[in-house]
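Got the model open in your viewer? Let's walk through it one selection at a time.

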Amino acid sequence: TADGFVIMGSETGVVDLSGKTVVQKGRLGPGQMVAVDLENGQLLENWTVKEDAAGRFPYGDWLRQHRRGVAAQPWTQERQIGELDLLRLQTAMGFTAEDFDLVIEDMAGLGKEPTYCMGDDIPLAVLSDKPHLLYDYFKQRFAQVTNPPIDPLREKLVMSLEMHLGERRPALKPQAEAAAVIHLDTPVLNEAELAAISQQGLPVATLSTQVAVEACAGGLSSALDALCQAAEEAVRGGAQVLVLSDRVDSAGAAAPLTATSVAMPPLLSVGAVHHHLLRQKLRLRCSLVVDTAQCWSTHHMACLIGYGASAVCPWLTWETTRHWLAHPKTQKRIEQGKLPPLDAEKVQANVRVSLENGLRKILSKIGISLLASYHGAQIFEAIGLGADVIDTAFTGTTSRVAGMTLAELANETLSLHAKAFPELNRSKLEFMGFVQYRTGGEYHLNSPDMAKALHAAVKTGPGYDHFSTYKTLLENRPVTALRDLLEFKLAPTPLPLDQVESAESLCKRFCTGGMSLGALSREAHEVLAVAMNRIGGKSNSGEGGEDPARFQVLHDVDAEGRSQAFPSIGGLRNGDTACSAIKQIASGRFGVTAEYLRSGKQLEIKVAQGAKPGEGGQLPGPKVDEYIAWLRNSKPGVALISPPPHHDIYSIEDLAQLIHDLHQVHPKAPVSVKLVAEIGIGTIAAGVAKANADVIQISGHDGGTGASPLSSIKHAGSPWELGLTEVHRSLVENGLRDRVLLRADGGLKTGWDVVIAALLGAEEYGFGSVAMIAEGCIMARVCHTNNCPVGVATQKEALRKRFTGVPEHVVNFFWYVAEEVRQLLSLLGVAKLEDLIGRSDLLQPRAVQLAKTQGVDLSSLLAPIQGADDRSWLRHSAEAHGNGPILEDQLLADAALMAALESHGSLSRTIAIVNTDRSVGARLAGEIAQRHGNRGFNGQLDLTYKGAAGQSFGAFLVQGMNVRLEGEANDYVGKGMNSGRITLVPADGCANPGDQVILGNTCLYGATGGELYALGRAGERFGVRNSGARTVVEGAGDHCCEYMTGGVVVVLGSTGRNVGAGMTGGVTFLLDENDRVAPRVNPEIVEVCSLTTQQQETTLKALLEAHVAATGSSKASALLADWAAAKGRFKVLIPPSERAAMGLVDQQAVAA
């Protein structure tokens, strides 16, 4: 201010500034700082502070003198190992046919990680009778609620994979020697780069991780001790880089594996050395590099780096890739044009790029942007490893169910080695069936046999016996999930069935998983909704929006069970409705409007998804037909990806704000928050309960999906049994359990699963994949290709015609499950399911022999919970939590306004506002949408607010709402708005109002229409996921127009970096002063054009005129006054889908 005050706050409106002259207003962006020098009376801006710090020592000179770098080295062109020797090596390392066909093929041929679908329905590695790699016992952890994941696709510019090798000196004592390190651009090394490390002038020692078969049979501990001892001696002897290699002998000479030598699992050796050096306080004196045959997927790479490796040379992967290229099948596909032209250089580079991108994705899930920060951070949970393994190599990693000892791990390593040595008795790689189902391969819960038995049962109808075949298949299954290690303590005498809670009553506790319309066909999605409404359960819309035609109840069903409203599905009855009871709000905000939200009985915020926690949903382009594009306000044929984070949830407070928004727009609907099980979820759930959620859903790692990276399906998240127990315990112990209802989902299939979930604390039960099987899915596992043979998960017209599911089948399935629950209740001697919830004392470990270990410990599931005996926590309020008194109460109490709202009238009101008034406009929008839909209100409400508005000002606005703010606003202005208008002008007479910040971050998030005019600058991510709003602002921060699919954005000022990232629709006009636009645009999708066509000029000019009329902007007025010159100063960002609309017809088309 003019009188020398510097005022900082986490939001605007914290301090009353009346009577002060504001000299400058701004915001602190990510990574920025300001300092106040009180001695000299100066305010130091971001760059001044940083330049001062950077100038204290000659850092640049030190780097130039001392730092060395390993530049990219040429790839090996020729194969180094014969076919048979390669097969022997691959077999000994546990490399299978699926790794070759799915992982290597996609990485080498397409340069990307494989995408797959459905969930992970095989036994946990510790429960399986097949040998697994050590990596398979680790589950990646991920960010949910407490911090956001990063977006590795659209915001790669904030991420870096560079690493440094060598001794690390004290950070607090800057010195020239600290720069004497080897710089690597990537941690993924080829053979030549690994060799180059030892020529950089730093001392390098190579240690062998091969051990004699006898030592391995003895349990590995002596071999690990010897390795750690050798590492310690090398470091004390001055070595700054230790290479752990499985292709050298103890003398360091090249030595292949033989019948008498085994390679230790590289993860075990790197973890053991890392922790040994830490304990000896030597770890910062050296870096670890792993040279191994056992590393070919992104998860393997992440585990090695997470447990201490600074770089990895996956030499067998490079050799396998060269063999893949030479394979006749590959060559034939290149000739047919099914693969691009490839050579040895290209395929190996492709694999490296895939591994790097996969690493970025794994880092981004937990919200880390630098690989150097992930290095040694151990962001994993172990499932099935015993205390001795953890203490030796993974100290500090959580392993709640214990499991494999070092000796048992050594046996597993030997069993793989024994398949290859002394005799290799196979001519091709073994097919283990860890991903795809094959007879004789790994057991899958969703097997074709199971699907057939269930189809037969649901078609035959009410007779419960048909269900018994399906049940028997599942009861006799091998131990697959943690719950299979538990059994019930039955009552001495069963309770007669007629005294047990009815099936109708139990069905109300059943829900379907959040499967979007787009991932599923219309028919499949509608059948699930009709069936769930029929039994009083809840279907879930998923994240793709929903057609308002489905919100009605059917009264026109003919004798054939057909209705005009849903011509493509049969089996309907009068009184049915296809309106999903649970409406999902995911990070893409597709189709989220006031009308959509008001149509739900419950609103679900999808923070994470079991099959790929920490990542956004994805819908491949071929599945986006005209109808899906209309529902999602996007362009047909263009793939849709939801951002990994909700851009309005970066903390628990932000989640509380979104819950507040939803309670505002639809006060009667409970809000649920969907989380995925991981260690620490109990603390997160306590925060979510305090944030005013009504329901918390805990999903297991085994949930299904329509399309997801294979490594995410297999390696992220933990079982729901662990997550549910932790959440239930945390909430009971903190006195919060009565505030929320708990729902569990992830691979539930039978009434037995339901009762286990109830005993562990769940009150509602979600079914995803199995509900799809009930309506006809045959588990072809091709959802991500749009080629579902039975019309369940495809948008192709011809395939959708094959869909035969009817609501009755799904109803029958849930009826069977409810009947099975009743039988179990009877055996447990309990009349109501409610009396079982949280009674883990009725569970006991089952006597079962596991193939690999007897060390599994279930106490984390079965330990008693303090305070659980007083069961008052089961009594929840009948109504959704409220937001308390709000600013809009005075509007709703205004009889004239309510009359206008009912009868399409017009009136105006002026109201004072402060920054604790949040989500202003949402409550009124909800009331209008309830009566007239999004665009059915023909009156006009002119509402003027004066002051500083709280978060989410003008959220979910609908037609006829004209909202004006004289003052300034915080984050999320116009979130989810569908129509109407928002105008923001400053209240104080500050100089150059257009240069001052007037609204916060993430404005117009998910807007589907309407207008916003702001006389001032916006924060970060302005217009993110905008799919229809038209807006003018006078400046914006980073990531403007990210993921935009529609609408028009005009920025009359500077922007930050990464403009238009992931923008597949809509148009952006940027005022380009001093040619600053081009370097700030993300050029991946959009092209930057000058203003050349009549269409562009008309669009822009109309918006500028509206902006002047609404805000009186002097900048826009000056541009219009000198239009002939001014229009040349604009640049237009146009994605391919908008070229025609903007008058850019391709030259070739004109010539033709």
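Start with α19 and α29, which are oblique to each other (angles under 35 degrees count as roughly parallel, over 145 as roughly antiparallel, 65 to 115 as roughly perpendicular and the rest as oblique). Helices here are DSSP runs of H or I with at least four residues, strands are runs of E with at least two, and both are numbered from the N terminus. Before you go on: this is a predicted model, where local features need pLDDT of at least 70, side-chain atom pairs count only at pLDDT 80 or more, and totals for chains, interfaces and linings use all residues. Residues are numbered from 1 along each chain as its sequence is written, and side-chain values use heavy atoms, with hydrogens and water left out.

**Stop 1: α19 on α29**

Select residues 522–535 for α19; this helix packs on α29 at about 50°, with the axes 8 Å apart. Axes are lines fitted to C-alpha atoms, for helices over the stretch in contact, and angles run from 0 to 180 degrees between N-to-C directions. The crossing of α19 past α29 is right-handed; that is, the near helix is turned clockwise from the far one by less than a right angle, while anticlockwise would be left-handed.

Now show side chains. On α19, pick Val-527, Leu-528, Val-530, Ala-531, Met-532, Arg-534 and Ile-535; on α29, pick Pro-807, Glu-808, Val-810, Val-811 and Phe-814. Contact means heavy atoms within 4.5 Å. Colour this set by class and you get ten nonpolar, no polar and two charged residues. In this scheme Ala, Val, Leu, Ile, Met, Phe, Trp, Tyr, Cys and Pro are nonpolar, Asp, Glu, Lys and Arg are charged, and the others, Gly among them, are polar.

**Stop 2: α26 on α29**

Stay on α29 (807–828) and add α26 (751–759): their axes come within 8 Å and cross at roughly 55°. α26 and α29 are therefore oblique to each other, and α26 passes α29 in a right-handed crossing. Which residues make the contact? Gly-751, Trp-752, Val-754 and Val-755 of α26 meet Val-817, Glu-820, Val-821, Leu-824 and Leu-828 of α29. By class, that gives seven nonpolar, one polar and one charged.

**Stop 3: α3, α15 and a cis proline**

Jump to α3 (83–93) and α15 (406–420), whose axes come within 7 Å and cross at roughly 160°. That makes α3 roughly antiparallel to α15. The crossing is right-handed here too. Arg-88, Thr-91 and Ala-92 of α3 meet Leu-416, His-417, Lys-419 and Ala-420 of α15, a set of three nonpolar, two polar and two charged residues.

Next, select Phe-421 and Pro-422: a cis peptide bond joins them, with omega about -10°. Pro-422 sits in the loop between α15 and α16 (448–460).

**Stop 4: an odd phi**

Go to Phe-956, in the loop between β28 (940–949) and β29 (961–969). What is the phi of Phe-956? Near 60°, a positive value in a residue other than glycine. Most residues other than glycine have a negative phi, and most peptide bonds are trans.

**Stop 5: the second largest pocket**

A pocket is an open set of points on a 1 Å grid over the protein atoms alone, where a 1.4 Å probe fits, with protein on both sides within 12 Å along at least five of seven lines; lining residues have an atom within 4 Å of a point. The second largest one holds about 1,200 Å³ of space, a volume being the space filled by probe spheres set on the points, which are joined across faces, edges and corners. Centre on Lys-112, Glu-113, Pro-114, Thr-115 and Gln-618, the closest to its centre of the 41 lining residues. α12 gives the largest share of the lining, six residues.
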